[in-house]
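Trainee: I'd like to go through some of the labels on this one. Can we take them one at a time and set each against its cut-off?

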Amino acid sequence: MPRTITGGEPLRWSTHPAPIYVIDGLCTDDRMQLAGEVMDCVLACPKHKGRFGCHTGKCLKAPICVDLAIYEASVEDGRVFLRPSRT
């Protein structure tokens, strides 16, 4: 489900299966918002149909050639905290 962090870019995250996976919510090709369904852990850009892995942010199908940023996430008292992943 797409979400925006105050003052930041849209993000997408999945809580199933645990843990929480958080990736950028804008396509790296044309900055199009990556809204919509995730199928088989693959997220598609609605404009060019490029594909990303929803847990890794990795490019899976052209024309995408730049991976999405991913974030380490934790939940404390019902709030989600993020930091850029080192992977």
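Trainee: Why is Val-75 called partly exposed?

Mentor: Keep in mind that this is a predicted model. Val-75 comes out at 47% relative accessibility, and partly exposed covers what lies between under 20% for buried and over 50% for exposed, so partly exposed is the label for Val-75.

Trainee: What makes Val-75 eligible for a surface patch?

Mentor: A patch residue needs over 30% relative accessible area, and Val-75 has 47%. Val-75, which lies in strand E7 (residues 70-76), forms a nonpolar patch with Val-80 and Leu-82, with about 210 Å² of accessible area together.

Trainee: Now the cysteines. How do you know that Cys-41 and Cys-54 form a disulfide?

Mentor: Their sulfur atoms are 2.2 Å apart and the cut-off is within 2.5 Å, so the pair counts as a disulfide. Cys-41 sits in the loop between strands E3 and E4, Cys-54 in the loop between E5 and E6, 13 residues apart. With -105° about the S-S bond, the link is left-handed.

Trainee: Is Cys-54 buried or exposed?

Mentor: Buried: Cys-54 has 9%, and the label needs under 20%. Cys-41, at 27%, is partly exposed.

Trainee: Why is there no bond between Cys-59 and Cys-65?

Mentor: The sulfur of Cys-59 is 6.5 Å from the closest cysteine sulfur, the one in Cys-65. A disulfide needs within 2.5 Å, so that is too far for a bond. By this rule, the count comes to one disulfide.

Trainee: What makes Cys-65 exposed?

Mentor: Its relative accessible area is 69%, and exposed means over 50%. Cys-59, at 22%, is partly exposed.

Note on methods. Residues numbered from 1 in each chain as written. Predicted model: local features only at pLDDT ≥ 70, side-chain atom pairs only at ≥ 80, totals over all residues. Heavy atoms only, no water. Patch = residues over 30% accessible without salt bridge, like charges linked within 9 Å, V, L, I, M, F, W, Y side chains within 5 Å. Areas by Shrake-Rupley, 256 points an atom, 1.4 Å probe, with all protein chains shown as cover. Salt bridge = Lys/Arg side-chain N within 4 Å of Asp/Glu carboxyl O. Helix = DSSP H or I, 4+ residues; strand = E, 2+ residues; numbered from the N terminus. Buried < 20%, exposed > 50% of the residue type's maximum accessible area, 1.4 Å probe, protein only.
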